Amino acid sequence: MKISLLAILLLQVLTGIVISAPSENKPLTHDDYDGWNFLSRQQISPDGNWISWEVNPQSGDGWLHYLDRRTGTVDSVARGTRVSFSPGSEYMAFRIRPQAAEIRRVKAENKRGSQMPRDSIAIYMLESGIRMYIPRVRSFAIAREDSPWIAIHLHAPAGRNNSDGSRLILFNPVTVEQHEFSNVVEYTLSGNGRIAAFIRKGQTAFVNDSNDTIKVDQATVQVFDTEERSAIKLLDSPGTAKTIRVHEKGGQAAFLFSAARVPGRKPSTPSQDPGLHNLWHWQEESTAARPIITPETRGMPDGWNVSEHSFIRFAEKEDRFFFGTAEIPVPEPEDTLLTDERFTVDIWHYQDPRLQPQQLNELSRDQERTYTAVYHIEKEEMVQLADRRMPYITTTQRGSGDLEVGTSPVPYQIQSSFEQGNFRDVYLVNINTGKRRLVLEKYRGPSLASSGRSAGISPGGKYFLYYSQLDSNWHSIPVDSNPARANLTDNIEQPMYHELHDQPSSPGIYGIAGWTEGDGHVLLYDRYDIWKVDPEGNQKPVSLTNGYGRKNCIQFQYVNLEGNDIIADDELLLSAFNDINKQSGFYAVSIQEPGNPVRLVMEDANFYTPQKAGGSDLLLWRKSTFAEFPDLWTSDMQFANRKKISSANPQKAGFKWGTAQLVDWKSFTGDSLQGILYTPDDPEPGRKYPMIVYFYERSSHNLHRWHNPAPSRSTINIPYAVSNDYVIFVPDIPYQTGYPGLSAYNSIVSGTKAMLHRFDHIDPDNLGLQGQSWGGYQITWLITRTDMFRAAMAGAPVSNMTSAYGGIRWSSGISRIFQYEQTQSRIGRSLWEEPDLYMENSPVFFADRVNTPLLMMHNDDDGSVPWYQGIEYFMALRRLGKPVWMLNYNGESHNLTRRPNMMDLSKRMGQFFDHYLKGKPAPVWMVYGIPATRKGRTHGYDLVN
């Protein structure tokens, strides 16, 4: 049958289809970045019927999408963000941001504060489709269970400060019932939605001795019962209230209150002392709150009180809550000196527990430091748990156990500034008496916490579990007695520590998968498998996965879909990653019947951690490859009935992209290594492509990682480079202690030569290097030992280990010494023990050997690698007449944070490599530089013919 041209045109008009000749995909440009989106904040409603996710561009306005799974309908809301579903799935609430263009316009008019556009809140009724909007929202909170109530706190009207209070709306979207309260400065909503507690700020007037009327702040603390529809005033008094909290079940509340100085009124009790913050408590059978913690409370250390910076945290049980105490501040005497009459000096003392820069860096934290105490409600007793000698308490069992873990780094602070690992003493602290029992002295192991992946007290409170770096084993201690410790893993042949650790320090551990009910067993990881271990040490450990992981080089990890401390189900979902071919996916295994895990899905892809709907067996997950964006998928628990539900970057189909492949070779020292080779699509026969080698340490596990086209913070954007006809090679690097530079050489140069031998499309005459930080260091060392690379770009490199060794990591204020001796720099000895190794691994001492043009970025506010390291190398190369450029983005740190700076770096890096590796003309900034007189007025991107 013949179709006329008129019919084809009519079909196009009716359907909107445009028929055109196929066109070649275009290469990415820097102007394309803004159109590439990120997908984030995916959520599932509790009943599993609704899914929401955000798609946001790198610059501009994004979209909130939501799917009704029953009908397959997807709808969208411009600028929607941060969805919360109600516990009963009746509605979803979210913010709506102002338009980006409107924010820019207001900023251009120099408006700030309350004049800025504000977010709105939207409430969508999921069944009826009714939509409600409230403008100028500060925050909102939804109950986590059993209740449809939502608390909405608004911004104060334009021209007023939020600190003076603003409207709080308590709203039930199901019944459209609403209650409003004015001048609210702080609020909280109980987990079950039954109690909203809030603080209101007002003013009250008093007449002083001079018959002048003065106004002081008036604090009103209230609770509103959403079931009884009644409000109770817990406190209404001159002063300031703050930090209000309620129990998850809503039956009690606590807050801090500081009384105001009232003319003619003398405090009769410590709770009325002006300036002191005391802790008040309310229980629902009471009609008002009462002060329970003051400086005179029994159990309070002398000269201490509740800190004004105190936290308040209720235990899951309703019989106690935790708070923070501190010494009562001593008022500073009035200083009458003028500014130019004062001295300012930092005194560095060799016996300071922490260096002065670290003290200054942590000054505000120290000034606001609190020490954990507990209040037992029924017994009306306070127990101080932490103090200056043992400053840290980690609550376990949701605060409801009889013991907590206390730690003290105090005796070892000087030593910890020079050695890897945070030494500390570890105690079990009795919650009822405060009595401490030392269980680990000078412990240097994994962080102690209550989560299922770290050491600490078991969820049932029966055992204290820890990993000892002295014998590389897990141990347990029953907490209700003081018997010998049980070695739990001595009979496991496989190491429980990181097998590929190549630093001169103690290796980390693979960790804990979780505990079974009643503390019956603890599940521990080796590199590949999961072990079911008796915490008493009486039963032989059993490989839950039957050694299947090690036999097949598959790393298994438990996926905790419920987020619970205790593993209640028999069948576990395991994530899986194949060390050899880099496939990933999921398996299932039984706790009661250990054996080979059952494969659910395994692909040449990178699977993200899935989410599960609380009331259904729906799984929500993402997967990616180098060429496939990690969109959202749904499936059942067996990963069957899969369905892709998002398409965040459909424009990718119009661009040249490339492929990623796993490659392997032998290093110069005989190590079997792997890496990734990124190649343009369908290389033209006979064409030679320039190759840039990018590296850090080991990266081959990222084979199936998606890289969004985006401006560079410090490293080359791989999709952009490959789309513009570069080959990118990313080799793995193992290290030998004392020889980090040579280790890099053995891996990188051997890998580069292997790629040249194996792939004809790589141009051996146009090779480049690019890396940041540790990668930048390796580049600056490599170009002192080889001339095979025509150009190199290094970000924030260490160039002189002898000067960097004694320096400060300014972002934290800590010493850099342990980094060079024991961690990433891997020298293994001190500067005085092996000065030759520090010099041998310092590129600046061999700058005269450099023949490779070098572009560096090192910023003047770099808190990780001091920028004088870049200066030293630049000055050495400049003195020797070597071609070198250094980009210093003023006020930026280790990696760029401001988008205009990222765009600039991307363009300059691209021009640098295009000139040296593709023979394109050099830009003005490379040929002539940019003089200070033209700074900010010209970019110098124009090419010089």
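**Exercise 1. Determine which residue of S21 is the bridge partner of Trp304, and describe the strands that pair with S21.**

Solution. Step 1. The bridge partner of Trp304 in S21 is Glu327. The model examined here is predicted.

Step 2. Trp304 belongs to the pairing of strand S19 (residues 304-306) with S21, which is antiparallel and runs over three bridges.

Step 3. Strand S20 (residues 312-314) also pairs with S21 in the antiparallel sense, over three bridges. Here Phe314 stands opposite Phe321 in S21, and five residues separate S20 from S21 in a hairpin.

Step 4. Strand S22 (residues 371-376) and S21 are antiparallel, with six bridges; Thr325 has Tyr371 in S22 as its bridge partner.

**Exercise 2. State how many residues of strand S21 are buried, and what follows from this.**

Solution. Step 1. A residue is buried when its relative accessible area is under 20%.

Step 2. In strand S21 (residues 320-327), seven of the eight residues are buried, so the strand is largely enclosed by the rest of the structure.

**Exercise 3. Classify the aromatic pair formed by Phe94 and Tyr124, and explain what the pair ties together.**

Solution. Step 1. The count of aromatic pairs in the model comes to 43.

Step 2. For Phe94 and Tyr124, the centres are 5.1 Å apart and the planes make an angle of 75°. Planes over 60 degrees apart count as edge-to-face, so the pair is edge-to-face.

Step 3. Phe94 lies in strand S6 (residues 91-96) and Tyr124 in strand S7 (residues 120-125); the pair therefore ties together parts that are 30 residues apart in sequence.

Step 4. Phe94 and Tyr124 are both buried.

**Exercise 4. Identify the residues with the most contacts inside the largest nonpolar core, and the helix that gives the most to this core.**

Solution. Step 1. The largest nonpolar core has 52 residues, and those with the most contacts inside it are Ile51, Trp53, Tyr678, Ile728, Leu905, Phe912 and Phe913.

Step 2. Helix H14 (residues 899-918) gives the most to this core, contributing eight residues.

Step 3. Another core, of 50 residues, lies apart from it; Leu769, Leu782, Ala794 and Leu854 are among its members.

Step 4. Tyr678 also belongs to an aromatic cluster with Trp36, Phe626, Phe629, Phe655, Trp657 and Trp706.

**Exercise 5. Give the distance from the charged end of Arg826 to the ring centre of Tyr735, and that from Arg622 to the ring centre of Tyr608.**

Solution. Step 1. The charged end of Arg826 sits over the Tyr735 ring, 4.0 Å from its centre.

Step 2. Arg622 lies over the face of Tyr608, at 5.1 Å from the ring centre.

Terms used:
Residues are numbered from 1 along each chain as its sequence is written. This is a predicted model: local features need pLDDT of at least 70, side-chain atom pairs count only at pLDDT 80 or more; totals for chains, interfaces and linings use all residues. Side-chain values use heavy atoms; hydrogens and water are left out. A nonpolar core is a set of buried Ala, Val, Leu, Ile, Met, Phe, Trp, Tyr and Cys residues joined through side-chain atoms within 4.5 Å. Buried means under 20% relative accessible area, exposed over 50%, partly exposed in between (1.4 Å probe, protein chains only). Helices (H or I, at least four residues) and strands (E, at least two) are DSSP runs, numbered from the N terminus. Rings of Phe, Tyr and Trp (its six-membered ring) pair if their centres lie within 6.5 Å; planes under 30 degrees apart count as stacked, over 60 as edge-to-face and the rest as tilted. A charge sits over a ring if NZ of Lys or CZ of Arg is within 6 Å of the ring centre and within 35 degrees of the ring normal. Two strands pair if DSSP finds at least two bridges between them.
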